[in-house]
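Subject: Structure for you to look at

Hello,

Here is the structure I said I would pass on. My notes on what I found in it follow below.

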Amino acid sequence: MSGKNDIHAFIIHLMRASARKPQVDRILAACPLQAHVIEAVDGRALSGEYVDAVYSSDSFHAPRYPFKLGLGEVGCFLSHRKAWQAILDKGLEAGLVIEDDVEMDRVVFTEALELARANIAERGVIQFQVRQIKDPGPVIAMHNDVQLTRPAVVPLRASCTLYSRSAVKQLLGQTERFDRPIDTYVQMHWVTGIRPGLAIPSGVHDKGQEIGGTTIQARNKPMSERFAREVLRPFYRAKVLAYSRLNDRPKI
């Protein structure tokens, strides 16, 4: 990349989640990149016709996703697509997409970002995870104390992710209609053709519970639905592991 202006940050913020506005300001202050606030798509405000136009409860890809998305999850996916489109519209070489419940350590994150910048053109997608990953995979690059790894199973969560311009163009084309949450889709490198990397340590962590909890998942779900999810989730994860191993490639 030719210069620091080739990457901007985009913070996704749901305007009615006013309790999170101070956290958005903290991210703006800590982020070493020029940053923009993207107004999140409010799933509650979407018409049924629009939801049907962008989301399919029937899976397009294997493994089949066993759960129906809530309106918050649909809005979340559309919000990330909105941020991807902003990367293209601004003519950037890459863009950092951040959710508004992230806490950023500027010093550590800046080191991780430098490594990610140097590798994003090749990798396409690089995650800055908000939690420790049990099996981060082999190290493929290093910068000072930061490692870039290639996990066998791409971790879930889309809290803080760097995307190359070519990756967002590809992802936008693939997800005009989607069948599962944003992080679950990006996890499927055998579908996207993009093999994400991990920057460790990331310099970011989850602040969600401290600022009011999730704005995506519906609360107070029926006991039957919670039980079904607990039963089905391990089977889905096992299938993802199998597909990940079957399609394990060293390149994106």
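**Surface and overall form**

The accessible surface of the chain comes to about 12,300 Å², and carbon and sulfur atoms account for 52% of that area. Please keep in mind that this is a predicted model.

The chain has 8 helices and 10 strands. Its radius of gyration is 17 Å, close to the 18 Å that the globule rule gives for 252 residues, so the chain is as compact as a globular protein of that length. Taken along the principal axes, the box filled by the C-alpha atoms is roughly 50 × 45 × 30 Å. Of the 252 residues, 50% count as buried.

Contacts reach far along the sequence. If you take those between residues at least 6 apart, 83% join residues at least 24 apart. As for charge, the chain carries 34 positive and 28 negative charges, and the mean positions of the two sets are 4 Å apart.

**Helix 5**

Helix 5 covers residues 165–174, and its buried residues are Ala167, Val168, Leu171 and Leu172. Seen down the helix axis, these buried residues fall within an arc of 130°, so they line one face of helix 5. On the other side of the helix, Lys169 and Gly173 are exposed.

What covers the buried residues of helix 5? The cover includes two strands, strand 5 (125–127) and strand 8 (160–164), along with helix 3, helix 6 (182–187) and helix 7 (189–192).

**The loop between helix 2 and helix 3**

Two residues in this loop are worth a look. The first is Pro63, found between helix 2 and helix 3. A cis peptide bond joins Ala62 to Pro63, with omega at about 0°.

The second is Tyr65, which sits in the loop between helix 2 (48–54) and helix 3 (71–89). Is Tyr65 buried or exposed? Its relative accessible area is 8%, and the cut-off for buried is under 20%, so Tyr65 counts as buried. Leaving aside residues up to four places away in sequence, Tyr65 touches Ser59, Asp179, Arg180, Pro181, Thr184 and Tyr236. One of these, Thr184, belongs to helix 6 (182–187), which is part of the cover over the buried residues of helix 5. By contrast, Val41 is 24 residues from Tyr65 along the chain, and the C-alpha atoms of the two are separated by 22 Å.

**Other backbone points**

There is also a cis peptide bond from Ile200 to Pro201, with omega near -5°. Pro201 lies in the loop between strand 9 (197–200) and strand 10 (204–206).

Two residues have a positive phi although they are not glycines. For Asn144 the value is about 50°, and for Arg157 it is about 95°. Asn144 is in the loop between strand 6 (139–143) and strand 7 (146–149), whereas Arg157 is in the loop between strand 7 and strand 8.

How do they stand in terms of accessibility? Asn144 has a relative accessible area of 56%, which makes it exposed. Arg157 is at 34% relative accessibility and counts as partly exposed.

Regards

Methods: Residues are numbered from 1 along each chain as its sequence is written. This is a predicted model: local features need pLDDT of at least 70, side-chain atom pairs count only at pLDDT 80 or more; totals for chains, interfaces and linings use all residues. Side-chain values use heavy atoms; hydrogens and water are left out. Helices (H or I, at least four residues) and strands (E, at least two) are DSSP runs, numbered from the N terminus. Buried means under 20% relative accessible area, exposed over 50%, partly exposed in between (1.4 Å probe, protein chains only). Contact means heavy atoms within 4.5 Å. The arc is that of the directions from the helix axis to the C-beta atoms. The radius of gyration is taken over C-alpha atoms; the globule rule is 2.2 Å times the number of residues to the power 0.38. Accessible areas come from the Shrake-Rupley method with a 1.4 Å probe; for residues, only the protein chains shown count as cover. Lys and Arg count as positive and Asp and Glu as negative; His and the chain ends are not counted. The place of a charge is taken as NZ of Lys, CZ of Arg, CG of Asp or CD of Glu.
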